[in-house]
Each structure stands twice: as structure tokens, then as C-alpha cells.
Amino acid sequence: MTTRILICDDSSLARKQMTRALPLPLHEHVIYATNGQEALTKLRAGEADLMFLDLNMPELDGYQVLEHIRQEDLPVLTIVVSGDIQPEARERVRKLGAIDFIKKPTDQDTVLDLLTRYGYYRPGELEDLARNDSSLRSAGFNEAPEISVSLSDYLQEIANVAMGRSSDLLARLLRVFVRQPIPRVAFIANSELHMAISAARDTSTYSAVCQGFTGSGIAGEALLLFADASFRDMAEMLHYDNVDGDAVHVEVLMDMSSILFGAFLKGIGDQLDIKLGLSHPRVLGQHRQISDLLEHHSGREEKLLCIEISYRLEERDIHCDMLVLLTENSIPFLEKRLQYLVD
């Protein structure tokens with residue numbers, strides 16, 4: 001019996017990785033969706049029996065897709081594939097009807113184990129497929145369409161996985177659920193940074209801390225922009241005795257940067273297979289608008305690869321933006337890693 005598989009993910013890299021994790025004979029029956037609305041259109045047309053579903057997507061996210069599948073009683077089995085590894089995320093998708101959960105980046109052994117568990121292949125067949133993959137390719141066996149991956153796609157996906165790690169750590173420490181955004185990736189001039197990030201349009205005041213990092217072929221700076229209106233609630237969640245005053249605000253900044261920078265940058269380093277060295281964090285300023293806090297970048301002409309992530313704590317009026325700024329000299333290394341990954 002033919003198994004028709006739908007891979008729904010806005011990341012071209014994630015779609016490519018998921019396809020590669022499948023046994024080659026299944027590739028002929030793989031179709032793709034780049035957002036939740038597109039996936040639902042294909043499911044309503046009866047085009048898939050099994051779906052691998054991302055959670056963080058434009059249009060409709062994975063949670064909304066699962067809700068529609070349940071409400072409309074669409075005949076498809078769904079396995080969620082996500083960088084959001086918070087325990088609450090896993091619990092929510094199971095309650096919405098997902099049969100299982102795979103964390104990103106996709107591991108082939110995990111995928112094959114699930115295909116076996118749910119009856120899409122028997123273990124003996126999987127072993128035969130592993131032995132015969134090379135002969136199938138040489139015989140011209142039909143594969144899924146080739147997927148091209150840009151440097152921006154690559155950075156967005158590794159940022160998505162790293163963000164999942166930092167959100168998971170934050171969620172476990174504070175016992176909250178962190179809403180996962182889609183990371184924004186842009187190649188911009190230093191002087192344009194304050195105009196390019198979404199938080200710059202906010203008239204609220206922020207406080208900021210930054211931390212440099214270097215590795216083999218890569219260097220940059222991480223910045224945490226914390227909304228002043230969030231400090232009191234954050235201090236209470238961190239169980240500070242005193243929740244007001246600039247000294248407490250600095251402590252909150254340092255605690256949050258330690259949590260988010262450490263987990264995020266380690267996640268980036270692990271995926272690039274390098275160890276990043278971190279400088280000491282320093283406070284850029286307090287109670288100022290974004291453009292003022294980023295003023296130290298405005299006089300430099302170098303172009304940057306900017307990754308922006310906006311963290312939001314569910315049911316809390318707490319939000320902060322993290323910027324990861326990669327130097328122009330990091331681009332050749334990143335392009336080489338991308339080429340190695342997709343070849």
C-alpha cells in the first residue's frame with residue numbers, strides 16, 4: 001500500500017532534512033506545504049495519509065492546523081517535527097491529536113523507528129531499503145523534487161532550533177510557556193540596524209545587554225533588549241526580594257542574558273559543529289529607546305547578518321527581543337557549512 005506523505009514546514013532546509021530522513025522508496029509519494037493554510041488545502045483534497053508538521057509557520061501555525069484537522073475530521077495521521085522542545089508544547093500537540101513528536105534537527109533513526117512503530121514499514125523491509133538505496137538511485141528511482149536552500153533559509157532554521165533550546169530552558173526555570181516566533185533574518189548595514197528590527201517601531205523604553213562571541217570562522221555579538229515595563233514581573237518570577245530599582249533591573253538583564261544567550265549560542269555552535277567562546281556581558285544602557293541603545297553600531301559601515309527573535313511569555317506581560325549579529329567575515333564559513341549540509 002502506497003503511503004502518501006505531506007511535509008509541512010516553512011523552512012526549505014527543514015523540508016529537505018525531513019525528506020532525507022525518509023526511506024528512498026517513499027520519496028516518490030512526498031508532497032510539500034510551506035504553511036498551514038497550504039497544508040489544509042492539500043489535506044481537504046485527500047492528498048496525504050501521513051503528515052510531518054512544523055509548529056512555527058506563517059499563515060496558520062502547527063497548533064491551528066491540528067485544530068482544523070480535529071474540527072473537520074480530516075483523515076490524516078500527524079507527527080509534529082519542531083524545534084520547540086518545551087514539555088508544554090509536546091503536551092499541547094498530543095491533546096490536539098498528533099500521534100507523536102520529533103525534535104529538530106531531524107534524526108533519521110528516529111524517523112525510521114516511528115515509521116516502523118506505526119506500521120508504515122516492517123523492520124526487515126527497512127534493512128533491505130538501507131542496503132538497496134544506492135542501487136535504487138543508480139536505477140533512476142523517482143525521488144521527491146530537489147529543494148534549494150538559501151543562506152537566509154539556513155540561518156533561519158538553525159536559529160529556530162537554537163531558539164527552541166533557549167525557550168525550553170526559560171520555560172523550565174520559570175514554569176511558563178514561551179510563545180515561539182519565527183526568527184527574522186536580514187542582511188543589513190550596521191548603520192541601518194535600528195531601523196531594520198521590529199522592536200524599533202515600539203515607542204516604549206528598553207534596557208539592553210550585549211555579549212560578543214567568536215568561533216572557528218565566525219564572530220559576532222548577541223544583544224538582549226528587555227522592555228522596561230516587563231522588569232517588575234520578571235523580578236517577581238525570578239523570586240527577587242526587591243523588585244524595583246535600577247540595580248534590580250541590571251540583575252534581571254544579566255540573569256535573562258545568561259539563560260537566553262548561553263542556550264541559544266550553544267545551540268548555534270552545536271549545529272555548526274564549533275565551540276563558541278563568549279566575552280563578558282555588558283550593559284549597553286537602561287530606560288532608552290531602541291535607536292539610542294543601538295547607537296554604538298550606527299557609525300560602522302560593515303554589513304551584518306542579523307537574526308531577530310522576540311520572546312513572549314504566555315499570560316504574562318513580559319517580552320524581550322534578542323538580536324544575534326554575525327559579522328560580514330562570517331559569511332564564507334556559513335556558506336561552506338550550508339553547502340556541506342545540502343550536498
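**Entry 1: a parallel pair**

Which residue in β3 is the bridge partner of Ile7? I looked it up in the model, which is a predicted one. The partner is Phe52. I then checked the two strands themselves. β1 covers residues 5–8, and β3 covers residues 50–53. They pair in the parallel sense, over four bridges.

**Entry 2: the sheet around that pair**

Next I wanted the whole sheet. In what order do the five strands of this open sheet stand? I read the order as β2-β1-β3-β4-β5, with parallel pairing. A reminder to myself: strands of a sheet pair through backbone hydrogen bonds, either parallel or antiparallel.

Which strands stand at the edges? I found β2 (30–33) and β5 (100–103) there. Each has a single partner strand, so one side of each is left without a neighbour in the sheet. I also noted the twist. Neighbouring strands of this sheet are turned by 20 degrees against each other on average, direction ignored.

A helix lies across part of this sheet. Helix α5, residues 108–117, lies across β3, β4 (77–82) and β5. I wrote down its angle to β5 as about 170 degrees.

**Entry 3: the protein as a whole**

I stepped back for some totals. I noted 13 helices and 13 strands in the protein. The protein has 343 residues, and 54% of them are buried. I then looked at contacts with a separation of 6 or more. Residues 24 or more positions apart account for 72% of these contacts.

**Entry 4: strand β12 and its partners**

I moved on to β12, residues 303–313. This strand is mostly covered. Nine of its 11 residues are buried.

Which strands pair with β12 in the antiparallel sense? I listed β6, with two bridges. I added β7, with six bridges. I also added β13, residues 319–327, with nine bridges.

I picked out one facing pair for each partner:

- Arg179 stands opposite Arg312 in β12.
- Val185 stands opposite Ile307 in β12.
- Leu304 stands opposite Thr327 in β13.

β12 and β13 also form a hairpin, with five residues between them. In the turn I found Glu315, with a positive phi of about 65 degrees.

**Entry 5: Gln180, in a loop**

Where is Gln180 found? I located it in the loop between β6 (178–179) and β7 (184–189). Is Gln180 buried or exposed? Its relative accessible area is 13%, under the 20% cut-off, so I count Gln180 as buried.

I then looked for its surroundings. Leaving aside neighbours within four places in sequence, Gln180 is in contact with Asn56, Asp84, Gln86, Met163, Gly164 and Ser167. With Ser167 there is also a polar contact, side chain to side chain, at 2.6 Å.

**Entry 6: Gln211, in a strand**

I took another glutamine, Gln211, which is found in strand β8 (residues 206–215). Gln211 counts as buried, because its relative accessibility is 10%.

Which backbone oxygen does the side chain of Gln211 reach? I found that of Ser279, at 2.7 Å. I also listed what Gln211 touches, not counting residues up to four places away in sequence. The list is Glu221, Ala222, Phe261, Leu278, Ser279, His280 and Pro281. I looked at His280 in particular. It is 69 residues from Gln211 in sequence, yet the two are 6.2 Å apart in space, C-alpha to C-alpha.

**Entry 7: Ile158, in a helix**

I turned to helix α7, residues 151–174, where Ile158 is found. Ile158 is buried, with a relative accessible area of 4%. Its contacts, leaving aside neighbours within four places in sequence, are Ile268, Gln271 and Leu272. I also checked Lys104, which is 54 residues away along the chain. The C-alpha atoms of Ile158 and Lys104 are separated by 9.3 Å.

**Entry 8: helix α13**

My last stop was α13, residues 331–342. I tested its length. At 1.5 Å a residue, its 12 residues should span 16 Å. The end C-alpha atoms are 16 Å apart, which agrees.

Which residues of α13 are buried? I noted Ile331, Phe333, Leu334, Leu338 and Val342. They cover an arc of only 160 degrees around the axis, so they lie on the same side of α13. I then looked at the face turned away from this buried side. That face carries the exposed residues Pro332, Lys336 and Tyr340.

Methods
Residues numbered from 1 in each chain as written. Predicted model: local features only at pLDDT ≥ 70, side-chain atom pairs only at ≥ 80, totals over all residues. Heavy atoms only, no water. Expected span 1.5 Å × (residues − 1). Buried < 20%, exposed > 50% of the residue type's maximum accessible area, 1.4 Å probe, protein only. Arc of directions from axis to C-beta. Pairing = 2+ DSSP bridges. Axes fitted to C-alpha atoms, helices over the stretch in contact; angles between N-to-C directions. Contact = heavy atoms within 4.5 Å. Polar contact = N/O pair within 3.5 Å; in protein donor to acceptor, adjacent residues only side chain to side chain.
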